[in-house]
Each structure stands twice: as structure tokens, then as C-alpha cells.
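Please work through the following exercises with the sequence and the model side by side. Each task is followed by a solution that proceeds in steps.

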Amino acid sequence: MKKLTALVLILVTALVLPVSAQVERVSARDAADAGVVRNPHAASAAAIETGSVARSAYQFDSSATAQAHGVYVVTATDRTGHVKWQDTIHNVVTTVGKNLALDTVFAGSSYTVTGPYMGLISSVSYTTGPAAGDTMASHGGWTEAGGTNAPTYSGTRKTAAFNAASGGSKPLSSALSFSITSSGTVKGCFLVLGSGASSTIDNTGGTLYSAGTFSGGDKTVSNGDTLNVSYSASF
């Protein structure tokens, strides 16, 4: 009789137990799988744990970031106009060049550019080449051609004029011409602009925006040759 009474009490207790108490026993994992969200934080954790939320959604996609870069295309002709060679340069945009571009875009004030001026890189005293940390006052891995270092060319650094940007790039409005006046080896090109920039060869003022060397290696030039250089900057 006592056993029967105890069994009845257990059955009554089970019948009167609130339904909500039983629902709350559902685990966060089961709730996530069933689409029931009683505790949003627990359900989210369970969803991530079980893989129902893609982990990639929480990862930063570095391939989507904008990168400053540019390409020089250089064509060399002899004194008769015959094409001797053509090569490209995928340049290094320097840190100071990036800083100037960012400050110009986001400073919220008017800006009138000085230059940009394009120069050539010589093989004389060349070591490590252009680097992101280079400045006009300090670029120990390379030297400028045209003045102290061969090859020389007529006039000054060439003044670059750009078309309006389109499709994420900004090209020169026309190629810049360097009339070579002595033999030598050209390694590449560079662009300088901003406050203090000058068209004078070997001047160290201004901001070195970009510099780079030929993809196909060193290029020799002779007196009477002409280098026609185009450039396009991109982000």
C-alpha cells in the first residue's frame, strides 16, 4: 500500500510540473538546432560551436583591402625613331607617399599639388633598390640619373599631368619624354611631389611618392635615344 501511494505521488507531481520548466531544460545546442531561441546568447554560442554559423563571417578578408600601386611603361627609341625596347615597372609606393595621399584626401582642406615630377633611376651606386621607407632625402639603395650619375638627359625632371581618375586608376594625360644625352644604364623611374618638390635633378625636397625598377632588368641607353614614359596610379 505504501509503495502504491508513493507511485501515485510521483505521477501527480509529474502531471502538475509547469510546462515552462520542462521547456527550459532544452539545451542551448538543441534550441539552436530547432530554431528555438530562449536565450539568444546561449543559442548563438551553440550555433557557432555546432558550425551552423559560418566561422568565415568572423574573419577579416585581407584580399578586399585597397592597395596603393602604380605601373610605369617605358619605351626607348633611337635617334631614327626605331623602338629599341619596352618594359614595365610595378612600383613601390612609399610610406610617406601613402601618408601624403591620405592626408590630402581626408584633411578636409583645399590642396594644390607641386609637381608631380618624374625622374630616372641610375645604375651608379645602386644596391638594394627602392623600398617602402625611402624618402627624397634618404634612399640609400639607389641614385638618380641625369645629373651627377649617368645617363644624362636634356632639361630637368619631367612634369607629370594626369587625366581624371576612372575605374580606380589615374593615368598620365600623355607620356613624358627624356632625351638622352650620354650613354648609361637606367634601372627605373620615380615620382616626387608635394611641398618642397622641385624639377631640379638631384634635388632632395618634396615627397617621394613612388619608385620602381624594370621588370625585365637593366636597360642601356645611348646619346640620341628617347625614353617615353607613361604612368598610371591605382588604389
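**Exercise 1. Find how many bridges join strand 10 to strand 11, and describe the surroundings of strand 11.**

Step 1. Strand 10 (residues 184–193) and strand 11 run antiparallel and are joined by 6 bridges; strands here are DSSP runs of type E with at least two residues, helices are runs of H or I with at least four residues, and both are numbered from the N terminus. Two strands pair if DSSP finds at least two bridges between them.

Step 2. Strand 3 (residues 92–93) is also antiparallel to strand 11, to which 2 bridges join it, and Val92 has Ala211 as its bridge partner there.

Step 3. Strand 11 covers residues 207–213, of which 6 of 7 are buried, where buried means under 20% relative accessible area, exposed means over 50%, and partly exposed lies in between (1.4 Å probe, protein chains only).

The model is a predicted one, in which local features need pLDDT of at least 70 and side-chain atom pairs count only at pLDDT 80 or more, while totals for chains, interfaces and linings use all residues. Residues are numbered from 1 along each chain as its sequence is written, and side-chain values use heavy atoms, with hydrogens and water left out.

**Exercise 2. Locate Thr213 and list what it touches.**

Step 1. Thr213 lies in strand 11, where Gly188 stands opposite Thr213.

Step 2. With a relative accessible area of 28%, Thr213 is partly exposed.

Step 3. Setting aside residues up to four places away in sequence, Thr213 touches Thr88, Ile89, Tyr126, Pro130, Lys187 and Gly188, a contact being heavy atoms within 4.5 Å.

**Exercise 3. Determine which side chain of opposite charge is nearest to Asp134.**

Step 1. Asp134 belongs to the loop between strand 4 (117–122) and strand 5 (143–146).

Step 2. The nearest side chain of opposite charge is that of Arg157, 13 Å away, and Asp134 is buried without a salt bridge. Lys and Arg count as positive and Asp and Glu as negative, whereas His and the chain ends are not counted; a salt bridge needs a side-chain nitrogen of Lys or Arg within 4 Å of a carboxyl oxygen of Asp or Glu.

Step 3. The side chain of Asp134 does reach the backbone nitrogen of Ala131, at 2.9 Å. Beyond its neighbours within four places in sequence, Asp134 is in contact with residues including His139, Trp142 and Leu208.

**Exercise 4. Examine three of the salt bridges, and say where their partners lie.**

Step 1. The structure holds 4 salt bridges. One of them joins the side chains of Lys84 and Asp225 (2.7 Å, N to O). Because Lys84 lies in strand 2 (residues 83–90) and Asp225 in the loop between strand 12 (219–221) and strand 13, this pair ties together parts that are 141 residues apart in sequence. Lys84 is partly exposed at 37% relative accessible area, whereas Asp225 is buried at 4%.

Step 2. Arg157 and Glu144 meet through their side chains in another salt bridge (2.8 Å, N to O). Arg157 sits in the loop between strand 6 (149–152) and strand 7 (158–159) and Glu144 in strand 5, so the pair ties together parts 13 residues apart in sequence. Arg157 counts as buried at 1% relative accessibility, and Glu144 counts as buried at 5%.

Step 3. Lys187 forms a salt bridge with Asp218, with the closest N and O atoms 2.7 Å apart. This pair links Lys187 in strand 10 with Asp218 in the loop between strand 11 and strand 12, 31 residues apart.

Key:
Polar contact = N/O pair within 3.5 Å; in protein donor to acceptor, adjacent residues only side chain to side chain.
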